[in-house]
Amino acid sequence: MSLSQLARSIKPSPTLKLNEMAAKLREKGEPVIHLGGGEPKSKAPLDAILNCSAQLNTGEIRYAPADGLPAMKKAVIRYTEEHYDRLVAPENVIISSGAKQAIMVLLHAILEPKDEVLFPVPYWVSYPEMVRLAGGVAVPVRADDGSFHPRIEDLAEKVGSYTRAIIINSPNNPSGAMYSRDFVAQVVELCEKKNLWLVMDDLYNRLVFDGKKAPHAWEFAKDPPESSKLVVVQGVSKMYAMTGFRIGWAIANREVTEAMTNIQSHQTSGPVTVSQWAAIGALSGVQTSIETLRLTLENNRNVLIERLATIPGVKVTKPDGTFYAFPDFSAYSKDSMKLAEQLLDRVRVVVVPGREFGMDGHLRISYCGTIKEITEGVDRIKWALDPAAPNELFLGDRKLVRDWA
Ligand SMILES: Cc1ncc(COP(=O)(O)O)c(C=O)c1O
């Protein structure tokens, strides 16, 4: 088959292989614990469901404008004023089918072939592939000290004549690390000085712990809005547990928003109308679900971190937010894919190999499940890795027997 060069250059996700293995084991009745997920388990807010079903009941579900329903834009404008203290116009807003599409159409709108896009390591798995799909070159930037916090010098060093944009995701998937106010201010300054686009992927910025608050780039942006190359991306997926509705948005200057809208209009047209009504319901309704989710995740994080600390040799950095931790398991294996496969094979626990996020030796462990899944999952991992552990592990009425060296 003669597939395009582009299609051949896009890597399949190794996680899919792990998920397939896990699904097969589950079908056989194996007690799989999934600590690899990327979505909260809570229900969508009631206001989202009511607003969505009222729309559905009319039976008139039509195309939405390519850049989103006016009512959805209004809800986003209100949200932006409340949470970013920024008044934007409808022409600055594009509603997309998930934050993912907002980022994708933005990259299509701003990249020339071979333009470079920088982002810190570890990074969300989709950034490199999305940049490639838009014809650009992905440039992951490692912190000099191997930490989750690159210094501004690490980024500045990689800026060259082909650099077009920087993507910052804070708090970060997979590390849960939140970049400091100083760092965000420095990135804004660097982008303004070098005339680069700055994409702030703020998807997790409401899921922050320990009384902290995520700094946002607009606090530091000097440019008047219409000449600013700052783009803020948000969505309902994580904060309202509405991943399946596929609604996200971007706030940007009018020129690029129009270009993104043109691209989106030929790609998918406007996002699903009923999903937008659900998102309007979520944004305009009772807001307690975000805080409930945030508190649950903070507690889950504490339980996970405490439990992981009992595994000798595993280095754990406490996440500031999100629902992921990214511990360093390199004392056991530098090959995170192999380690993830072993953990699934031996103790039926799914985790995501750090290699996918640009940091081998680490594993991404999600804590958006139940406390039971978290504690039992980590206990199984510990048992699998500890050569001095007893030969048998009892899981309810099932028994796992150590049959590896
Ligand atoms: C950092 C980051 N950005 C964007 C997205 C995409 O979110 P959406 O469901 O709104 O497309 C995800 C989803 O996992 C993510 O982790």
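This report looks at the ligand site of a predicted model, then at one buried glutamine.

In this predicted model, local features need pLDDT of at least 70 and side-chain atom pairs count only at pLDDT 80 or more, while totals for chains, interfaces and linings use all residues. Residues are numbered from 1 along each chain as its sequence is written, and side-chain values use heavy atoms, with hydrogens and water left out.

**The ligand site**

Who surrounds the ligand? The shell is made up of G98, A99, K100, W124, N169, N173, D201, L203, Y204, S237, K238 and R246, counting residues with a heavy atom within 4 Å. Helix α5 (residues 98-110) gives the largest share, three residues; helices here are DSSP runs (H or I) of at least four residues, numbered from the N terminus. Sorted by class, you get four nonpolar, four polar and four charged residues, with Gly counted as polar.

Here are three polar contacts, meaning pairs of N or O atoms within 3.5 Å:

| Side chain | Ligand atom | Distance |
|---|---|---|
| D201 | nitrogen | 2.6 Å |
| S237 | oxygen | 2.7 Å |
| R246 | oxygen | 2.7 Å |

On its own the ligand exposes 400 Å², and the protein buries 92% of that (Shrake-Rupley method, 1.4 Å probe).

**A buried glutamine**

Over in helix α10 (residues 273-284) there's Q276. Its relative accessible area is 0%, so Q276 is buried (under 20%, 1.4 Å probe, protein chains only). The Q276 side chain reaches the backbone nitrogen of L69 at 2.9 Å.

Note on methods: A polar contact is a pair of N or O atoms within 3.5 Å; within protein, one must be able to donate a hydrogen and the other to accept it, and residues adjacent in sequence count only if both atoms are side-chain atoms. Helices (H or I, at least four residues) and strands (E, at least two) are DSSP runs, numbered from the N terminus. Buried means under 20% relative accessible area, exposed over 50%, partly exposed in between (1.4 Å probe, protein chains only).
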